[in-house]
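Here are my comments on the model you sent, in numbered points. They deal with strand pairing, helix packing and charged contacts.

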Amino acid sequence: MEILDGQVVVDGVVVGTARMRWWDEADGTRLYLLTGEVDAACQGRGYGRRILAWQEERAREAAVGISGTAVLGTNPVSERDLALVRAAGYEVAFTRVRMTMPLSAPNAIELPRGVELRAASAADHRAVFDGNAEVFRGSSLGYVQDPFEEFERDVADDFPDYGLWSLAWDGDRLAGWVVSGRDDTPWVGVRADWRRRGLASALLRANHAALWKCGVREASLWTVLENPTGSVALYERAGYRVVERQERYRKPVDGPRET
């Protein structure tokens, strides 16, 4: 078996694909993400096990000499995949969930005393970036802190409508924020000293009012089920419900090998 430019070749025939990417997460974990598939006509011949074992060996070679924790990760999308990765010793590390809620005509929004909403602009990119870095620092749930320049490019491409940003300021300090587009809300954050005062709920209501004004009738966001801040419970109180789950499987680089 050979892996050539991501294609798995056996006796000159392409039987599937195999790829590996890696990055460092906010808590310093080096993740090697293993992805691939076996063509439907070639399933049931053990290729999946061989491909995964090959990928794991390449990841172990790449991890030699690094400092900190290194883990293997994979995201099974079928029952066949799930059985394969479980047999190889992978376990659920965390669960991403998509939550949605129907929107209705907005009511008055009352913020906690001491903060105020201000219109957002490109000048606020750095404040949001620094806020994300602070509240997600040390997260062991897959968060990646991209460089500021990459964050700015992503924001400009994906979330350019500042009317859908809700930013609460405590003087010159950003206390809480909701950044969204019409179809997705990637960042909801509140600094530690402003938590449990109703700020996150108020910012969500402000965001929902902005979405409603734009003609959006359903809000959508992703969060992590195991988030220690209790984000799922917060969103459920606001009216969101879980509609999709994505389990993320991992094991240590030096963990049990596929048998």
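1. Strands β6 and β12 run antiparallel and are joined by 9 bridges. Within this pairing, Phe94 stands opposite Arg248 of β12. The coordinates come from a predicted model, which applies to every point in this note.

2. β6, residues 91-102, also pairs with β11, again antiparallel, here through 7 bridges. Arg98 has Trp222 of β11 opposite it. Is β11 enclosed or open to the outside? Of the 7 residues in this strand (218-224), 5 are buried, so β11 is largely enclosed by the rest of the structure.

3. β12 has a further antiparallel partner in β5 (residues 70-74), with 4 bridges between the two strands. Gly73 has Arg250 of β12 as its bridge partner. Pairing of this kind rests on backbone hydrogen bonds between strands.

4. Arg250 also takes part in a side-chain contact: a salt bridge to Glu25, with the closest N and O atoms 2.6 Å apart. Glu25 sits in the loop between β3 (13-24) and β4 (30-38), while Arg250 belongs to strand β12 (residues 241-252), so the salt bridge ties together parts that are 225 residues apart in sequence. Are the two partners buried or exposed? Glu25 has a relative accessibility of 5% and counts as buried. Arg250 is buried as well, at 15%; the cut-off for this label is under 20% relative accessible area.

5. A second salt bridge involves the residues flanking that loop: the side chains of Asp24 and Arg30 meet at 2.4 Å, N to O. Arg30 counts as buried, with 15% relative accessibility. Asp24, in contrast, is partly exposed, its relative accessible area being 38%. In total the structure holds 11 salt bridges.

6. Helix α1 (residues 47-63) contains both Glu57 and Arg60, which are 3 residues apart, about one turn of the helix. Why can residues spaced like this face each other's side? An α-helix has 3.6 residues a turn, so residues three or four places apart point the same way. Glu57 and Arg60 form a salt bridge whose closest N and O atoms are 2.9 Å apart. Glu57 is partly exposed at 26% relative accessible area, whereas Arg60, at 11%, counts as buried. Both belong to a network of salt bridges that also links Glu56 and Lys251.

7. A separate point concerns the open sheet of 4 strands, ordered β7-β8-β9-β10 with antiparallel pairing. β7 (116-118) and β10 are the edge strands, each with a single partner strand, so one side of each is left without a neighbour in the sheet. From one strand to the next, the twist averages 30°. β9 and β10 are paired over 4 bridges in the antiparallel sense, and Val179 stands opposite Trp187 of β10.

8. Helix α5, residues 199-213, lies across β7, β8, β9 and β10. The helix runs at about 50° to β9.

9. How do helices α3 and α4 pack? The angle between α3 (residues 125-135) and α4 (residues 148-158) is about 115°, and their axes are 10 Å apart. The crossing is right-handed. On the α3 side the contact is made by His125, Arg126, Val128, Phe129 and Asn132, and on the α4 side by Phe148, Phe151, Glu152 and Val155. By class, the residues of this contact divide into 5 nonpolar, 2 polar and 2 charged.

10. Which residues of α3 are buried? They are His125, Val128, Phe129, Gly131, Asn132, Ala133 and Val135. The cover over the buried residues of α3 includes α4 together with the strands β8 (166-170), β9 (173-179) and β10 (187-190). The covering elements thus include strands that belong to the open sheet of point 7.

How values were computed. Residues are numbered from 1 along each chain as its sequence is written. This is a predicted model: local features need pLDDT of at least 70, side-chain atom pairs count only at pLDDT 80 or more; totals for chains, interfaces and linings use all residues. Side-chain values use heavy atoms; hydrogens and water are left out. A salt bridge is a side-chain nitrogen of Lys or Arg within 4 Å of a carboxyl oxygen of Asp or Glu. Buried means under 20% relative accessible area, exposed over 50%, partly exposed in between (1.4 Å probe, protein chains only). Two strands pair if DSSP finds at least two bridges between them. Axes are lines fitted to C-alpha atoms, for helices over the stretch in contact, and angles run from 0 to 180 degrees between N-to-C directions. A crossing is left-handed if the near helix is turned anticlockwise from the far one by less than a right angle, and right-handed if clockwise. Contact means heavy atoms within 4.5 Å. Ala, Val, Leu, Ile, Met, Phe, Trp, Tyr, Cys and Pro count as nonpolar, Asp, Glu, Lys and Arg as charged, and the others, Gly among them, as polar.
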